[in-house]
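User: I would like a close look at one part of this protein. Please keep it brisk.

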Amino acid sequence: PVAPLLPVVGADTVVPLATGGTATYANLDNAASAPALSAVAARVAQVLPHYASVHRGAGYLSRVSTALFEQAREQVGRFLGARADDVVVFTRSTTDALDLLSRAVPAGARVLVADVEHHANLLPWQRSAATTVVRGGADAEETAALLEAELATGQYALLAVAGASNVTGEVLPLRRLARAAHAAGARIAVDGAQLLPHRRVDVGRDEIDWIALSGHKLYAPFGAGALVGRRDWLDAAEPYLAGGGATLDVSHDAVRWASGPDRHEAGSPNVIGAVALAQACATLAALPDGALERHEGALRAQLVDGLSALPGVEVVRAHPADAVGVVTFTVAGRSVSEVAAYLSAEHGIGVRDGRFCAHRFANSLGLVAGGLRASTGVGTGSADVERLVAAVERFVTTGPELEYGLVDG
Ligand code: PMP
């Protein structure tokens with residue numbers, strides 16, 4: 001059996017069952033939001049009683065908080081292998097980070113994306129007429145080849161791509177794409193939301209220009225994310241928010257904006273969120289090489305094999321060349337919301353159903369009515385996967401005990 005790789009908070013949460021009794025919650029929805037690492041919770045508890053305003057106050061606690069915030073910035077940068085002149089901008093989330101980057105693209109610069117992206121890495125680009133959205137291929141390899149061919153036309157300034165899909169878990173060959181982008185005079189921005197909880201990335205080594213991430217998918221709480229990478233476009237861009245902390249000098253006629261992270265971090269920052277995110281990075285970085293891959297690889301195989309063996313259950317792109325622990329499946333003839341509601345109500349199992357904020361990709365995979373997604377994290381063990389497979393088996397053989405209203409997937 002595979003044990004959880006790291007302790008997370010709430011692993012013993014007990015939930016009521018609609019059929020009577022209770023169950024320990026089985027969280028198989030890590031791709032949406034992962035529980036905080038116990039190390040993160042401990043760090044937050046340590047820092048929470050002692051913070052004060054950052055970058056502004058002269059008091060002792062203000063100076064301590066400022067140091068903690070800037071240390072967190074450094075730790076996040078180190079975790080991602082940031083180059084000496086890269087900038088680490090704290091944002092609210094991946095959505096926020098990619099939106100910021102999309103506003104920093106120089107006027108007239110062309111952007112390339114594929115339609116397999118999460119809306120967070122599609123809609124900020126799609127709203128610009130200077131964006132080309134190509135159709136994804138039958139697998140990540142084919143999608144990469146299509147992007148490479150399009151890049152070779154030489155008209156792009158930026159390729160935006162997810163490191164791992166939140167629908168199929170497929171991992172894109174990032175270094176190869178980075179080289180293709182650079183060879184064609186373009187840069188590459190990576191949506192790291194799904195990749196970073198599962199794989200180490202080094203932006204210097206992997207030749208990535210920007211990467212975006214979310215704390216709540218990386219075992220830290222909600223509300224803190226980051227955009228890490230090249231500073232030139234960001235320094236030349238309009239500040240993301242106009243306000244205090246982003247300026248050097250303000251007069252009646254003019255505002256001189258700061259450069260670096262300050263430019264895009266107006267207002268009082270989320271210090272606790274940044275510290276929590278940095279702790280998550282440090283704890284993951286301390287894992288032995290390959291530990292994450294071995295852990296989730298075993299769980300993914302168990303999920304795919306267990307679910308595929310059930311009558312009427314189909315796993316979407318079950319065996320990609322490389323994938324993280326994100327597995328989407330359907331149950332023939334049954335609505336995904338019914339199955340998801342049953343798993344929660346009768347078994348205390350949390351999965352995600354729907355089109356996963358990736359409507360274009362879901363539709364092209366034939367999931368117009370949605371799919372069910374089970375996703376693992378460092379807090380997942382094989383017992384969680386066994387429970388899911390057994391519960392789905394029960395659903396397809398004996399059926400649910402109760403009836404669940406059909407909600408539009
Ligand atoms: N990109 C991908 C691949 C994701 O899976 C998600 C979250 N589902 C996001 C971006 C957006 O992350 P957030 O909601 O934290 O901004």
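Which residue in strand 9 is the bridge partner of Ala189? Take me through the sheet around that pair, then through its surroundings.

Analyst: The partner is Trp210, in strand 9. Keep in mind that this is a predicted model.

Start with the two strands. Strand 8 covers residues 187-191, and strand 9 covers residues 210-214. They pair in the parallel sense, over three bridges. In general, strands of a sheet pair through backbone hydrogen bonds, either parallel or antiparallel.

Now the whole sheet. It is open and has seven strands, in the order 4-10-9-8-7-5-6. The pairing is mixed. Strand 4 (87-91) and strand 6 (131-134) stand at the edges. Each has a single partner strand, so one side of each is left without a neighbour in the sheet. Neighbouring strands are turned by 20° against each other on average, direction ignored.

Helices lie against this sheet. Helix 2 (residues 60-79) lies across strand 4 and strand 10 (225-229). Helix 2 runs at about 115° to strand 4. Helix 6 (residues 174-183) packs on the sheet as well, touching strand 7 (158-162) and strand 8. The direction of helix 6 makes about 150° with that of strand 8.

Next, the ligand. 14 residues surround it. The closest are Ser93, Thr95, His118, Asn166 and Ser214. Strand 9 spans residues 210-214, and Ser214 is thus numbered at the end of that range. By class, the shell around the ligand has four nonpolar, nine polar and one charged residue.

Helix 1 (residues 38-47) has its own buried set: Ala39, Val40, Ala41 and Arg43. What covers these buried residues includes helix 8 (271-285).

Finally, the wider frame. The chain is divided into domain 1 (14-30 + 288-397) and domain 2 (40-285). Their centres, taken over C-alpha atoms, are separated by 29 Å. The contact takes 23 residues from domain 1 and 22 residues from domain 2. On the domain 1 side, helix 9 (291-308), strand 14 (326-331) and helix 11 (359-364) each supply at least two residues. Helix 11 gives the largest share of that side, four residues. By class, the side of domain 1 that touches domain 2 has 15 nonpolar, four polar and four charged residues.

Definitions and conventions:
Residues are numbered from 1 along each chain as its sequence is written. This is a predicted model: local features need pLDDT of at least 70, side-chain atom pairs count only at pLDDT 80 or more; totals for chains, interfaces and linings use all residues. A residue is buried if 20 or more other C-beta atoms lie within 10 Å of its own, exposed if 12 or fewer, and partly exposed in between; C-beta atoms are placed from the backbone. Two residues are in contact if their C-beta atoms, placed from the backbone, lie within 7 Å. A residue is near a molecule or strand if its C-beta atom, placed from the backbone, lies within 6 Å of it. Ala, Val, Leu, Ile, Met, Phe, Trp, Tyr, Cys and Pro count as nonpolar, Asp, Glu, Lys and Arg as charged, and the others, Gly among them, as polar. Two strands pair if DSSP finds at least two bridges between them. Axes are lines fitted to C-alpha atoms, for helices over the stretch in contact, and angles run from 0 to 180 degrees between N-to-C directions. Domain bounds come from an automatic or database domain assignment.
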